[in-house]
Amino acid sequence: MFQSIKLISKVDNKGCLQVQLPSELSNSEIEFMLVYQPIFSEPAQENWPSGFLNLYGCCADDPIIIDDLGISELMDDDLAKEFD
């Protein structure tokens, strides 16, 4: 039977992480696997529009790729008359 525990903890300056397991596991043999994900601090949120926070990180798995040609003006809509 597998059990899982999710923690947020800080690694010290020596690279050590302390994990405390439930006391009912004391004096028992267990097998464990450590999977980690760095946590990045949230950007300052004071001046963000209210709906923007819901979108933060939505493109993390879909990186923007820029080629060597740069930005093409042919891709832009002609908006010159839109603001008259």
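These legends accompany close-up views of a predicted model.

**View 1. Overall surface of the predicted protein.** The protein has 84 residues, and 0% of them count as buried. It holds 0 helices and 0 strands. Its accessible surface comes to about 9,800 Å². Carbon and sulfur atoms account for 55% of that surface.

**View 2. A nonpolar patch on the surface.** The patch covers about 1,100 Å². Leucines 7, 17, 21, 25 and 34 are among its members. Ile5 and Ile30 contribute, as do Val11 and Val19. Phe32 and Tyr36 also take part.

**View 3. Leucine 21 within the patch.** Leu21 is one of the residues that make the nonpolar patch. Its relative accessible area is 39%. Leucine 21 therefore counts as partly exposed, because that class lies between the 20% limit for buried and the 50% limit for exposed.

**View 4. The largest pocket.** About 1,600 Å³ of space lies in this pocket. Its lining is made by 30 residues, with Ile5, Leu7, Met33, Leu34 and Val35 the closest to the centre. By class, the lining has 21 nonpolar, 5 polar and 4 charged residues. Ile5, Leu7 and Leu34 also belong to the nonpolar surface patch.

**View 5. The backbone at asparagine 27.** Phi of this residue is near 60 degrees. The value is positive, in a residue other than glycine. Asparagine 27 has a relative accessible area of 86%, so it is exposed, the cut-off being over 50%.

Methods
Residues are numbered from 1 along each chain as its sequence is written. This is a predicted model: local features need pLDDT of at least 70, side-chain atom pairs count only at pLDDT 80 or more; totals for chains, interfaces and linings use all residues. Side-chain values use heavy atoms; hydrogens and water are left out. Patches are made of residues with over 30% relative accessible area and no salt bridge: like charges are joined within 9 Å, nonpolar side chains (Val, Leu, Ile, Met, Phe, Trp, Tyr) within 5 Å. Accessible areas come from the Shrake-Rupley method with a 1.4 Å probe; for residues, only the protein chains shown count as cover. A salt bridge is a side-chain nitrogen of Lys or Arg within 4 Å of a carboxyl oxygen of Asp or Glu. Buried means under 20% relative accessible area, exposed over 50%, partly exposed in between (1.4 Å probe, protein chains only). On a 1 Å grid over the protein atoms alone, a cavity is a set of points where a 1.4 Å probe fits but cannot get out, and a pocket is an open set with protein on both sides within 12 Å along at least five of seven lines; lining residues have an atom within 4 Å of a point. Grid points are joined across faces, edges and corners, and a volume is the space filled by probe spheres set on the points. Ala, Val, Leu, Ile, Met, Phe, Trp, Tyr, Cys and Pro count as nonpolar, Asp, Glu, Lys and Arg as charged, and the others, Gly among them, as polar. Helices (H or I, at least four residues) and strands (E, at least two) are DSSP runs, numbered from the N terminus.
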